[in-house]
Amino acid sequence: RDKEEAHRPVLMQISGKRIGFLGYYEGGEAPAATTISPGVAKRDILLITSDMQALRSQDSVDYIVVNVHWGTEKADTPGVWQIEFAHDMIDAGADAVIGHHPHVLQGIEHYKSGVIVYSLGNLIFGGNSRSSYDTGIFEIQLGEAGVAYRFIPVRVSDWRARELQAESADSLRDYVDYLSSLISQKMSAREIK
């Protein structure tokens with residue numbers, strides 16, 4: 001309804017860890033919210049940094065996940081500006097940056113102490129002209145031993161998602177590893193930290 005609501009985080013307590021989720025959008029079809037008009041939280045590094053600082057100081061979160069709408073549709077690599085913007089978010093305090101919008105898989109990057117997933121493609125998306133495609137789920141495990149990551153390969157067939165197994169899973173992980181190799185600080189789809 002307004003800028004305050006658009007920037008309100010989702011807070012969750014999971015396994016003794018306090019996690020803050022933030023989401024940002026940039027696109028012509030959805031205007032940025034203002035103090036007097038509805039809209040979205042604009043994808044702006046100064047706003048994102050301010051929101052993350054509030055999460056750390058006021059909400060005392062242990063982990064911050066930033067979800068970002070960005071990128072070129074159908075492009076299998078992020079733009080240079082996206083990589084720089086993602087690095088800026090990690091530098092400003094994000095632990096994980098999860099991107100979406102291209103509707104296809106892109107690479108995964110481990111940058112400093114954070115992780116960046118540039119695009120997971122589509123899970124189930126009715127606006128997609130394709131009813132069958134490969135995609136994935138990115139799992140973040142917060143445990144006593146630290147943080148671990150896992151890419152879970154998924155195939156959507158006739159709008160039904162199922163986890164891939166064996167050779168099919170390995171093949172999709174290999175593809176994500178290839179996409180990740182196109183980014184300077186890649187992360188393997190098999191890597192668990």
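**Exercise 1. Find the residue that stands opposite Ser 157 in β9, then describe the hairpin around this pair.**

*Solution.* Start at the pair itself: in this predicted model, Ser 157 faces Arg 160 of β9. Next, look for another pair between these strands: Val 156 has Ala 161 in β9 as its bridge partner. Now take the strands as wholes. β8 covers residues 146-157 and β9 covers residues 160-163; they run antiparallel and are joined by four bridges. Finally, inspect the turn: two residues lie between the strands, and Asp 158 has a positive phi near 50°.

**Exercise 2. Work out the strand order of the open sheet that contains β8, and say which helix packs on that sheet.**

*Solution.* Begin with the order: the sheet has three strands, arranged β7-β8-β9, with antiparallel pairing. Then pick out the edges, which are β7 (133-143) and β9, each pairing on one side only. From one strand to the next, the twist averages 35°. To finish, add the helix: α4 (residues 166-181) packs on the sheet and touches β7 and β8, with its direction at about 115° to that of β8.

**Exercise 3. Decide which face of α2 is buried, and what it packs against.**

*Solution.* First check the length of the helix: α2 has 13 residues and reaches 18 Å from its first C-alpha to its last, close to the 18 Å expected at 1.5 Å a residue. Next, list its buried residues, counting those under 20% relative accessible area: Ile 48, Thr 49, Asp 51, Met 52 and Leu 55. Look down the axis of α2: these residues fall within an arc of 165°, so they line one face of the helix. On the other side, Leu 46 and Ser 57 are exposed. Then follow the buried residues outward, where they pack against β1 (10-14), β2, β3 and α3.

**Exercise 4. Map the largest nonpolar core, and trace the contacts of Val 97.**

*Solution.* Keep the general tendency in mind: in soluble globular proteins, nonpolar side chains tend to be buried together. Here the largest nonpolar core has 22 residues, of which Val 66, Trp 70, Met 89 and Val 97 touch the most other members. Now sort by element: β2 (17-24), α2 (45-57), β3 (63-69) and α3 (80-91) each give two or more residues to this core. α3 gives the most, with five residues.

Turn to Val 97. Leaving out residues up to four places away in sequence, its contacts include Val 66, Trp 70, Met 89 and Val 117. A second, separate core of 18 residues includes Val 65, Val 117, Leu 120 and Val 176.

How values were computed
Residues numbered from 1 in each chain as written. Predicted model: local features only at pLDDT ≥ 70, side-chain atom pairs only at ≥ 80, totals over all residues. Heavy atoms only, no water. Pairing = 2+ DSSP bridges. Axes fitted to C-alpha atoms, helices over the stretch in contact; angles between N-to-C directions. Contact = heavy atoms within 4.5 Å. Core = buried A, V, L, I, M, F, W, Y, C linked by side-chain atoms within 4.5 Å. Buried < 20%, exposed > 50% of the residue type's maximum accessible area, 1.4 Å probe, protein only. Expected span 1.5 Å × (residues − 1). Arc of directions from axis to C-beta.
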